[in-house]
Amino acid sequence: MKFNYCIYSLIASVLMVFAACTPDEYEMGKKTYASEDLVQGLAFTVTPDASDPNTIHLQSLLSGVTPLWETPSGRSQATSLDLELPFEGEYEVTFGVETPGGVVYGAPYTFTVVGNNFNMLSDEKWSNLAGGVGKTRKWVPIDKDYGIGRCTGPIMYMNPDDVKNDGSGSTDLIFGSDNWAPNWDPGIQSWLVPEGDPYFDSYMTFGLDAANGCTAEVFRNDASGGTLMNGKFTLNLSDSKRPNITFTDCYSLHNAGFDEVCSNYTQEIKIIELTPYLLQIATMRTNSEGAWWIIWNFISEEAKNDPSIIPSDDIDVIEPSEVQLPTIEDLETKLFTTDINGVTYVGNEMRFLINDEEPYDWMWWNGGSSAWESVVNGNYGTTWAPAAGSEIEDFELVLSKSGDTYKWDDGTNSGNLIIGENTLTFTDSSGNPAEVTFLTATGDSRTVEVKGSEFTVLACDAASSLQIGVPSSTNAKGDVNTYLCVNLDYKPVSDNSGPTEIAVDASKVEVIFGDGNSDRLRLQFYNSWGGANECLDITKVKLKKNQVLTIQYKVLSGITWNEGAAPKTVIMENKIGNSFEDDCYNLSYAANFDTTAGATQTVTLTNTTSSTVTFETDCCLVVGIQNKGLATVEMNEDGSPNVTIDIVSMTIE
């Protein structure tokens, strides 16, 4: 299998035209128009180029409004633009405007292009798509790993907020073979496009015909017998880095199950890879699951019938790595390792609970990055990853050992456990395979059931979390490349009840006054961008949903409060409340500050989000003391505050 990389750009731009009137400009003298005002010759012009009638010049004649064009090459908001139409025939342009009174369109204007200009077809994308003038090319859904396009099936998924899938956060999807990467290649999945689905007998045939222009024959086979459509297409190459295709009287091929997933399969569909043997198209998911790029993968019929025409030395191709199962060193010990009040122990019994924030996931092998990656990726609770029932709250898996014997008990069944290098095999007391059902999640569209007798360990973070899964899909070589996993948490073990203590070295907490704001007084515990990072182990500051972080501190000296002052104090950070001076003191959890010298101050922060919040990266954790106009802060000669403090405690409960 080979990988090709591309980028696409989704740019929403509005060009407001405020041009001064000239003798050659038609000014209608008003900002709101009726449809009958927007006619050719008055509101806009459509003019063939004097030397090349296949180039059509479009020009808005209105100022003070945003033009809205619908053309054979797609939509535009430019004041003027040129259309390149290589084939003769009748075409339509619709002109509209965006005004304070709303959007108004005129009637379509029809014009005729006389003669063909095949010089406009010099870009290889034309011949790659349709074979050349007087020819056709037929495209069929990819049904296995042909070693092209970073795909092993007809559909892939790509994160619109990170189209390179490398953490760069790029949203610009530009045509090319090394500029994008899927965040999931599901291969052939029973709940997407299963093996043997009628969709695999579908096709798109594009043609460049001197008499009929750009032709598109689309056949979509489905359970009802299929639909044949004969239409036209327009390939827009005005921006060579962002080519798109528009269909008339047909649509971009997709399977029946995705009819409602994307709202647009006809207008300005993004082509993100195109060679004589590979076509990849991106459509934006618009259903309730949220915006996401869906990539449709096609192979040319001639390449499917004769794979030898696919070049083996494609310069923009990267060979993916072979599937590699994670190595879990000393799994037997890790499974029985726990943390009791900050001290690590290896015990004889361990209890596991299902993670209630993301109980399950599909982990797939990304051969490009050589890593196992999440499919759910924060989208738990959507139609394709439905929420599990409340019964997961009562599930508890108990693993125990006695010498070299391991046992399991899930509250319903029990038996012996075999621990392999990175596998857990559940048997009954006689050694026969015993099936363990961890959870069932049922939604409107699908049901997910995590069960099995042999599980592969994808991750084991001793005393924290355990991820085990059963095979979900295989690649062309038969290697398992996706596992359906249950996410388990170690049940906390403690020899006493109460909150988790976070050790803080008060001498290393920074007291900040000023720093660009002369009225700001802060106790800085942590700052990803520098400061106070040695006063505590920030990796321990991890709040599950609804957990509370409590900090108690004292100000021993250095602040003189005005008579009658009623200041507040609050925990400030950018993960939950995300509010800083001075608005932070209006937060509901801002506490009253006791101005008595040496009084214990208590501030709290509750994780009101739906997931665990960590304070390890790209964050700050500080306590603010409201002093603006309320107090005098003593200063040292070097400009630092002469304020002494003591940290009583930092706890999580």
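A residue counts as buried when its relative accessible area is under 20%, and by that criterion buried residues make up 50% of the 653 residues in this chain. The model shown is predicted.

**Figure 1. Overall view of the predicted chain.** The chain contains 3 helices and 46 strands. Along the principal axes, its C-alpha atoms fill a box of roughly 90 × 80 × 45 Å. The close-up views that follow present selected sites within this chain.

**Figure 2. Stacked aromatic pair of Tyr91 and Phe111.** The whole structure holds 24 aromatic pairs. In the pair shown here, the ring centres of Tyr91 and Phe111 lie 6.0 Å apart and the ring planes meet at 25°; because planes under 30 degrees apart count as stacked, the pair is classed as such. The contact links distant parts of the chain, with Tyr91 in strand β7 (residues 89–99) and Phe111 in strand β9 (residues 109–113), 20 residues apart. Both Tyr91 and Phe111 are buried.

**Figure 3. Aromatic cluster containing Trp408.** One aromatic cluster is formed by Phe395, Trp408, Phe426, Phe438 and Phe455.

**Figure 4. Surroundings of Met156 in strand β11.** Met156 belongs to strand β11, which spans residues 155–158. The relative accessibility of Met156 is 0%, so this residue counts as buried. Trp184 is 28 residues away from Met156 along the chain, and the C-alpha atoms of the two residues are separated by 6.0 Å.

**Figure 5. Salt bridge between Lys304 and Asp143.** The structure holds 16 salt bridges. In the one formed by Lys304 and Asp143, the closest N and O atoms are 3.4 Å apart. This pair links distant parts of the chain: Lys304 lies in helix α2 (residues 301–305), Asp143 lies in the loop between β10 (136–141) and β11, and 161 residues separate them. Lys304 is partly exposed, with a relative accessible area of 30%. Asp143 is also partly exposed, at 27%. Side chains of opposite charge can pair when their charged atoms come close.

**Figure 6. Salt bridge between Asp239 and Arg242.** The side chains of Asp239 and Arg242 meet with an N to O distance of 2.9 Å. Asp239 has a relative accessible area of 30% and is therefore partly exposed. Arg242, with a relative accessible area of 21%, is likewise partly exposed; the value lies above the limit for a buried residue, which is under 20%.

**Figure 7. Salt-bridge network around Glu396 and Lys491.** A salt bridge joins the side chains of Glu396 and Lys491 at 3.0 Å, N to O. The two partners come from distant parts of the chain, 95 residues apart: Glu396 is in strand β25, and Lys491 is in the loop between β33 (480–490) and β34 (500–501). Lys491 has 32% relative accessibility and so counts as partly exposed. Through salt bridges that share partners, Glu349, Arg351, Glu396 and Lys491 are joined into one network.

**Figure 8. Patch of negative charge on the surface.** The patch gathers Asp356, Glu391, Glu393 and Asp394. One of these residues, Glu391, is found in the loop between β24 (371–374) and β25 (396–402). Glu391 counts as partly exposed because its relative accessibility is 44%.

**Figure 9. Positive phi at Glu268.** Glu268, a residue other than glycine, has a positive phi value near 50°. Most residues other than glycine have a negative phi, and most peptide bonds are trans. Glu268 lies in the loop between β16 (244–248) and β17 (269–274). With a relative accessible area of 16%, Glu268 is buried.

**Figure 10. Backbone features in the loop between β40 and β41.** Asn578 is found in this loop, and its phi is near 50°, a positive value in a residue other than glycine. Asp582 also has its place in the loop between β40 (568–573) and β41 (591–592). The peptide bond from Glu581 to Asp582 is cis, with omega near 0°.

Methods: Residues numbered from 1 in each chain as written. Predicted model: local features only at pLDDT ≥ 70, side-chain atom pairs only at ≥ 80, totals over all residues. Heavy atoms only, no water. Patch = residues over 30% accessible without salt bridge, like charges linked within 9 Å, V, L, I, M, F, W, Y side chains within 5 Å. Areas by Shrake-Rupley, 256 points an atom, 1.4 Å probe, with all protein chains shown as cover. Salt bridge = Lys/Arg side-chain N within 4 Å of Asp/Glu carboxyl O. Lys, Arg positive; Asp, Glu negative; His and termini not counted. Charge placed at Lys NZ, Arg CZ, Asp CG, Glu CD. Helix = DSSP H or I, 4+ residues; strand = E, 2+ residues; numbered from the N terminus. Buried < 20%, exposed > 50% of the residue type's maximum accessible area, 1.4 Å probe, protein only. Phe/Tyr/Trp six-rings, centres within 6.5 Å; stacked < 30°, edge-to-face > 60°.
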